[in-house]
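I open these notes to keep track of what I look up, beginning with how the chains meet and then turning to one chain by itself.

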Amino acid sequence: MREKFNFIKLRYWWFALSALIMIPGLISIAVQGFNLGIDFTGGTLLDLKFARPVTVSEVRDVLKDFHLENSTIQLAATEHTEASPNVFIRTRVLTEEERRAVLAAAEKKLGPYDVLRIEKVGAVIGSELTREAIIALAIACALMIGYITLRFEFKFGVSAIIALLHDVIVVLGLFSLLRKEVDASFVAAILTIIGYSINDTIVIFDRIRENLKTHKKGESFQDLVNRSIWQTLTRSIYTVLTVLFATLALYLFGGETTKNFSLALLIGFTSGCYSSICNASPIWVTWKEFEERGRRTQRAKSVK
Amino acid sequence: MKVGYLARFIAVVAIIIGVFAFYITPLALSIRQGLDLQGGTHVVMEAVDTPEAKVDEDAMQRVVKIIERRVNELGLTEPIVQREGERRIIVELPGIKEPEKAIEMLGKTALLEFQDESGKTVLTGKDLKDAKAQIDQSNRNVVALEFSSEGAKKFAELTAKNVGHRITILLDKQVLTSPVVEEPIPNGKAIITGNRTIEEAQRLAILLRSGALPVKVDVLETRTVGPTLGQDSKDKSKVAFAIGSIAIVVFMLAFYRVSGFVANVALMLYVLLLLVAMRMLNATLTLPGIAGIILSMGMAVDANVLIFERFKEEYRGGKTLRAAMDAGFTRAFNTIFDSNVTTLFAAAVLFFLGSGPIKGFAVTLGLGIVLSMITAITVTKFMLKMLMNANVIKSGKAFGA
């Protein structure tokens, strides 16, 4: 049988690759942060479709009367023309009266419109969401470490969680770099990615656990883990492919409102599959070997 | 070849595919749709303390009752008024025509006061029995008030004392009208003029009928999705669902042939069961919820991929078809169980901490994990067993090995 590609031998390359992907993202998060949506910052969002195409400056003129000219104004899907009927306005939190006044002024100056979406999120709710997202992440991680420790061992749990945090950082980093808007559904996307990534890792760990039972003396941890990765590799690839098909369909055909959500999932699932193979298992091997070495030196000392 | 088993297998397949083809659309449509799909307004309100009135449990219960009354007056199908936490109330208004006005109405304190010329409040909204919008003889839009017997007495007294003087009717400390009393009114009836439209008069009447809120209520959050966007989201989700499903089905057929076909049939049953479960739990289908369904289909076939891969391994290891299939199911079970339980944790956390659409997503994801384990393991196994007992297909290749 020909020599199979050895994932574990290359582990330091994988770690370096992961660092290479994560570091720019982390720098971007530290320097420019996120493009937070009103779910987090609080604010008012008006997504309107006018009967006729309007331009950004026309809309800005309307907002000027309310000293809101610094708001974000976007036209939907116009790459070649300057005007579009569909306008997307993001302002600070407007009171109910202010919002009504702005809408009335818009109707007077720009003509009749259809409401696609109007959202107002108070600043209090925004800060709650941030807190809840962090709590959710922490609880989910704690539960998973607990369960894996119970069913496997603590070291598997920690390795899995490191791989999973890697995926979260990759998605967060890319969203920060690309200036993609982060909203409440993004939190759901992150938790789904966590769920997927852990699922993927567990499948490989499960095989390692099984192979450990019939572990032959001559086989090193490295070889055993590499064998386990190979035994589950087809599954890892097939599964990530089916899930990516589903998510890609959502991304391409699912409409504007779920675009960022499915983009986060696309990045996260890809990273999740990679990290299960190239991070989680190698981390566990490295830890195990380190422990073995410690035990051996301990034994060597006691023999003396 | 055993015809009985084969016939049974074909019957099961035909039934599942048939039920899927006929019922999938009506079933999907029978599930309650979230505001992001059908259009509507979601409002989060919070009761706040003021120097005049502090928020307590009793006040909150009254606030919920009053807001419920106001919402019911809007005549919408299946609106929701829900208390959340200590001081918050969530209101969902599906298909509301004028969301801005409805929001304005919900948050109004609606404290009605009748004051004499010295500014002393003699009657309040509590003394009312009924309020109705009407058009009077001079074609004005008015709200006709009817006082309770207690209120009628007070009103008779007030009008008797103030003949020739002005009395003032205020709503939330703002003057509605201040008519001059021409003669005492003993029958407990009065009208409020000064409404610009009959709709305005109707809204005022609703507010007065439902009573004044005992504490101040702030609107923290509003989310309105117009009917156009809702319809658009629905159409696009359908396309995404169809394409995602077809991709998965083709993939499974290409790589696992007969086993893949069986897995696809189980997947159809899974989608049906998921929708039935949502229907029975009275869950709401939201846009993220649909994303959750599409995603869970990808995860549902994962269990089958695990089983079939294991089967291939065992088969190549020299086992017979049937023994290899048995071993595939037994051995893969632990893996599927452990990996799904961990994913379930993520769904559970989302469910308990998330709100609105995110909760909808968590429900579909969580239900999906549990149900897909059942269909992907039990149903697939049952069908494959029948097929193998039928003894029609003897090569492992047909099963993807």
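For my first entry I take two residues to be in contact if their C-beta atoms, placed from the backbone, lie within 7 Å. I also note at the start that this is a predicted model.

**Entry: where the chains touch.** I looked up the contacts between the chains and found that 54 residues of chain A are in contact with 56 residues of chain B. On the chain A side, the elements that give two or more residues are helix 4 (96–110), strand 5 (113–121), helix 5 (123–151), helix 7 (184–213), helix 8 (221–253) and helix 9 (259–303). Helix 8 of chain A gives the most to this side, with 13 residues. When I sorted the residues of the side of chain A that touches chain B, I had 29 nonpolar, 14 polar and eleven charged.

**Entry: strands across the interface.** Which strand of chain B pairs with strand 5 of chain A? I found that strand 11 of chain B, residues 216–225, pairs with strand 5 of chain A in the antiparallel sense, over five bridges. Looking along this pairing, I noted that Glu119(A) stands opposite Arg223(B), a residue in strand 11 of chain B.

**Entry: chain B as a whole.** I counted ten helices and eleven strands in chain B. For a compact globule of 401 residues I would expect a radius of gyration near 21 Å, but chain B has 32 Å. Along the principal axes, the C-alpha atoms of chain B fill a box of roughly 110 × 40 × 30 Å. The domain assignment splits chain B into domain 1, made of 3–36 + 226–399, and domain 2, which is 40–224, and I noted that the C-alpha centres of these two domains of chain B lie 53 Å apart. Buried residues make up 46% of the 401 residues in chain B. Among the contacts in chain B between residues at least 6 apart in sequence, 72% join residues at least 24 apart.

**Entry: Gly39(B).** I then turned to Gly39(B), which lies in the loop between helix 2 (35–38) and strand 1 (40–48) of chain B. Is Gly39(B) buried or exposed? I recorded Gly39(B) as buried, because 25 other C-beta atoms lie within 10 Å, and the cut-off for a buried residue is 20 or more. Leaving aside its neighbours within four places in sequence, Gly39(B) is in contact with Gly95(B), Val225(B), Gly226(B), Pro227(B) and Gly230(B). For one of these partners I also looked up the separation: Gly39(B) and Val225(B) are 186 residues apart in sequence, yet 4.8 Å apart in space, C-alpha to C-alpha.

Definitions and conventions
Residues numbered from 1 in each chain as written. Chains lettered and ligands numbered in written order. Predicted model: local features only at pLDDT ≥ 70, side-chain atom pairs only at ≥ 80, totals over all residues. Helix = DSSP H or I, 4+ residues; strand = E, 2+ residues; numbered from the N terminus. Nonpolar A, V, L, I, M, F, W, Y, C, P; charged D, E, K, R; others polar. Pairing = 2+ DSSP bridges. Domains from an automatic or database assignment. Buried ≥ 20, exposed ≤ 12 C-beta atoms within 10 Å, placed from the backbone. Rg over C-alpha atoms; globule rule 2.2 N^0.38 Å.
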